[in-house]
Amino acid sequence: MNKVKLIIAREYLTRVKKKSFIIMTILAPLLFAGLMVAPVIIAKKTMESQKQMSVLVIDENDFFINKLEDNAQSVFTYRSGDVNEFKKELTTGKYDAILHIVKGNTSLRANLFYEKDPPTRFAAGLERQLDKQLFDKLLMDTFNIQPKQFEMYKQATQATITSIRIDESGNEKASNADVSKIVGMVFGLIIYFLIFFSAQQVLRGVLEEKTNRIIEVLISSVKPVQLMLGKIIGVAMVGITQLVLWIVLTLILIVGVQFIAPDLFTGNPEMMQIAMQTQMNVGVENLQPLQTIGTEQSLAQNSVFEQIQNYFNISFTALILCFLFYFILGYLIYASLFAAVGAAVDSETDSQQFVLPVTIPLLFAIIMFVPITEDPNGALALWLSMIPLTSPVVMLMRLPAGVPLYELLASMALCIVFFFFCVWLAARIYRIGILMYGKKTTWKDLAKWIRY
């Protein structure tokens, strides 16, 4: 046991002292914080710096004269005459765009002339105003209904569905399926990359020692199984250390930005949502009212953990603990298999024939993330969350939507049992393969080594 501890300490200290570890530990939080803060800054700057378009309206139907409303996006001027006579005023800068509404009785057709491309939402805003005026005219002429009266009827007949989940104890709790879906996807992707890249380090470490013949010196003092376990646990501790540092440093950076610029994450929620939708080229007509948790006072008083708790069907503490459990178990399972592959081959190129079949279940879980998050309690999601090779990713996708306790415990138990099987399997391959040189290993050879 003391020898295993020495190997763990060696692996841990060797890796955390590397320049690559230090650089990535510093750069990754800057990247994560930047991905969170940059869209907010860009969205606000976009809204603040957006130019108000000067639009000349030429209406051959004389219906829209003085009916289009000026707003932050555009201001309208109305003229009559041949549109060709006014096009030259675009080049002088007097107008930014010309809206030419063609004469017609049954349908409306309009042309928008401009010299410089207008903002993406500009044309969509014009279309909404024209559509509203035509619809209001239809209401009054055909149905004898005033637009304000129609809006009152529309508001009075709107249906609102609130999702409420009832747990096993009979307690009711408001749920947000869309938020749970997004969080499930994010958690699944994060744990996939963490497991894959951490396990890859084990494979490269074994290959490096085998290629440099250092392994022959080490095996003279320790058993191959002890060396394998020490390497796996040591790299796991490095991964956990880096993950914790990333979380802490990212939170410090975000809190620091909010302290320096307290107004950055505040302001008009609707305007911020419009700005964010603009970044994704989504029309304002598709916007839904922002859903907030409680009142502004409760938002100010509640902690971030309480806010997160309001979104999910599982406690924040349980969510983090499950994430750590599946990260550690998922890493240990794949690291064991990768260590066996590293011991069986002489180069990283030769390892690809064995690595691909091992990682296919993990890749399959990522490929199926859409049907899994769409139906987190369906048969596909259930069985993939029970298979140990896919459960670390799939169970994290399901957890925000709520998972029965017996399913969670069964999945965890299967992961633990499968981990011991992987260690046994990897140890059988590792003890022989680690001293094999100059021979290309086949699947038949692996089967023989396991039986010895």
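Tutor: Before we start, a residue is called buried when its relative accessible area is under 20%, and please keep in mind that the model we are looking at is predicted.

Student: Okay, so where does that leave strand 3, buried or exposed?

Tutor: Strand 3 covers residues 97-102, and six of its six residues are buried, so the strand is largely enclosed by the rest of the structure.

Student: Which way do its side chains point?

Tutor: Ala97, Leu99 and Ile101 point one way, while Ile98, His100 and Val102 point the other way, and all of them are buried. In a regular strand the side chains alternate between the two faces of the sheet.

Student: And which strands does strand 3 pair with, parallel or antiparallel?

Tutor: Strand 1, residues 53-59, runs parallel to strand 3 and is joined to it by five bridges, with Val57 standing opposite Leu99. Strand 4, residues 109-114, runs antiparallel to strand 3 and is joined to it by six bridges, and there Ala110 is the bridge partner of Ile101.

Student: What about Ser54, what does it touch?

Tutor: Ser54 sits in strand 1 and, leaving aside residues up to four places away in sequence, it touches Val75, Lys94, Tyr95, Asp96 and Ala97. Its relative accessible area is 18%, so Ser54 counts as buried, given that the cut-off is under 20%.

Student: Switching topic: how many disulfides are there?

Tutor: The structure holds zero disulfides. A disulfide is a covalent bond between the sulfur atoms of two cysteines.

Student: Why is Cys415 not in one?

Tutor: The closest cysteine sulfur to that of Cys415 belongs to Cys422 and is 9.8 Å away, which is too far for a bond, because a disulfide needs the two sulfur atoms within 2.5 Å. Cys415 is also buried, with a relative accessible area of 1%, and Cys322 is buried too, at 5%.

Student: Then how many salt bridges are there?

Tutor: There are three salt bridges in the structure. In one of them Lys132 pairs with Asp136, with the closest N and O atoms 3.0 Å apart; these residues are four apart in helix 4 (residues 120-142), which means they are separated by about one helical turn. In another, the side chains of Asp141 and Lys137 meet at 2.8 Å, N to O, and both residues again lie in helix 4, four residues apart.

Student: Are the residues of those helix 4 pairs buried or exposed, and what are their values?

Tutor: Lys132 is partly exposed at 47% relative accessible area, whereas its partner Asp136 is buried at 11%. Asp141 is exposed at 54%, and Lys137 is partly exposed at 34%.

Student: And which residues make the remaining salt bridge?

Tutor: Arg398 and Glu407 do, with their side chains meeting at 2.8 Å, N to O, and both of these residues are buried.

Student: Now the outside: which residues form the nonpolar patch?

Tutor: The patch is formed by Ile22, Ile23, Ile26, Leu27, Leu30 and Leu253, which together have about 520 Å² of accessible area. Helix 2, residues 19-49, supplies the largest share, five residues; Ile26 lies in that helix and is partly exposed at 48% relative accessibility.

Student: Last one, what does the whole chain look like in numbers?

Tutor: The protein chain has 18 helices and six strands, and buried residues make up 40% of its 452 residues. The chain exposes about 26,000 Å², of which carbon and sulfur atoms supply 64%.

Terms used:
Residues are numbered from 1 along each chain as its sequence is written. This is a predicted model: local features need pLDDT of at least 70, side-chain atom pairs count only at pLDDT 80 or more; totals for chains, interfaces and linings use all residues. Side-chain values use heavy atoms; hydrogens and water are left out. Buried means under 20% relative accessible area, exposed over 50%, partly exposed in between (1.4 Å probe, protein chains only). Helices (H or I, at least four residues) and strands (E, at least two) are DSSP runs, numbered from the N terminus. Two strands pair if DSSP finds at least two bridges between them. Contact means heavy atoms within 4.5 Å. Accessible areas come from the Shrake-Rupley method with a 1.4 Å probe; for residues, only the protein chains shown count as cover. Patches are made of residues with over 30% relative accessible area and no salt bridge: like charges are joined within 9 Å, nonpolar side chains (Val, Leu, Ile, Met, Phe, Trp, Tyr) within 5 Å. A salt bridge is a side-chain nitrogen of Lys or Arg within 4 Å of a carboxyl oxygen of Asp or Glu.
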